[in-house]
Amino acid sequence: MPNLDGFELIDNIKQEYPEVKIIAISGGAREGAGDRLVEAKAKGADVTLEKPFQRDELKQAIDELL
């Protein structure tokens, strides 16, 4: 995302629309996906997925939030 990172996006969504459920997905970049996903969860992500993930894992996350 050119203008903000995922953490800022989570903050913005939770401030404007606290009822919206968020699935955070990370491949880790330089820091490692686990660390970034822990931070995303702390920021308000409801579910986190680490790349690569299976289609069933994404479906389960969506079902969990619906």
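**Strands, core and salt bridges in a predicted chain**

Visitor: Let's start with the first strand: which residues of S1 are on its covered face, and which on its uncovered one?

Guide: Ala24 and Ser26 make up the covered face of S1, while Ile23 and Ile25 make up the uncovered one. S1 spans residues 23-26; helices (H or I, at least four residues) and strands (E, at least two) are DSSP runs, numbered from the N terminus. Some ground rules: this is a predicted model, where local features need pLDDT of at least 70 and side-chain atom pairs count only at pLDDT 80 or more, although totals for chains, interfaces and linings use all residues. Residues are numbered from 1 along each chain as its sequence is written, and side-chain values use heavy atoms, with hydrogens and water left out.

Visitor: How many helices and strands does the protein chain have?

Guide: There are 3 helices and 2 strands, and reading along the sequence gives the pattern α-β-α-β-α.

Visitor: And how do I read strand pairing: in which sense do S1 and S2 pair?

Guide: The general idea is that two strands pair if DSSP finds at least two bridges between them. Here S1 and S2 run in the parallel sense, with 4 bridges. In that pairing, Ser26 stands opposite Glu50 of S2. S2 has its own two faces: Val47 and Leu49 are covered, Thr48 and Glu50 uncovered.

Visitor: Take Ala24 in S1: buried or exposed?

Guide: The cut-offs first: buried means under 20% relative accessible area, exposed over 50%, and partly exposed in between (1.4 Å probe, protein chains only). Ala24 has 10% relative accessibility, so it counts as buried. Over the whole protein chain, buried residues make up 20% of the 66 residues.

Visitor: What does Ala24 touch, beyond its neighbours within four places in sequence?

Guide: A contact means heavy atoms within 4.5 Å. By that test Ala24 meets Leu37, Ala40, Ala45, Val47, Thr48 and Leu49. With Val47, 23 residues away along the chain, the C-alpha separation is 6.3 Å.

Visitor: What about a nonpolar core: which residues are in the largest one?

Guide: In soluble globular proteins, nonpolar side chains tend to be buried together. The working rule is a set of buried Ala, Val, Leu, Ile, Met, Phe, Trp, Tyr and Cys residues joined through side-chain atoms within 4.5 Å. The largest such set has 7 residues: Phe7, Ile10, Ile22, Ala24, Leu37, Ala40 and Ala45. H1 and H2 are the elements giving two or more residues to this core. As for Ile22, leaving out residues up to four places away in sequence, the residues it touches include Ile10, Ala45, Val47 and Leu65.

Visitor: On to charges: how many salt bridges are there?

Guide: Side chains of opposite charge can pair when their charged atoms come close. The rule asks for a side-chain nitrogen of Lys or Arg within 4 Å of a carboxyl oxygen of Asp or Glu, and the count comes to 3 salt bridges. One of them joins Lys43 and Asp11, at 3.3 Å from N to O. That pair links distant parts of the chain, with Lys43 in helix H2 (residues 33-43) and Asp11 in helix H1 (residues 6-16), 32 residues apart. Both are partly exposed: Lys43 has a relative accessible area of 33%, and Asp11 one of 25%.

Visitor: What does the salt bridge of Asp46 and Lys14 tie together?

Guide: Their closest N and O atoms are 3.4 Å apart. Asp46 lies in the loop between H2 and strand S2 (47-50) and Lys14 in helix H1, so this pair ties together parts 32 residues apart in sequence. Asp46 is partly exposed, at 21%.

Visitor: Where do Lys59 and Asp63 lie?

Guide: Both are in helix H3 (residues 55-65), 4 residues apart, about one turn of the helix. Their salt bridge has its closest N and O atoms 2.8 Å apart. Lys59 is partly exposed at 48%, and so is Asp63 at 41%.

Visitor: One last feature: which sense does the peptide bond from Lys51 to Pro52 have, cis or trans?

Guide: The bond is cis, with omega near -10°. Pro52 sits in the loop between S2 and H3.
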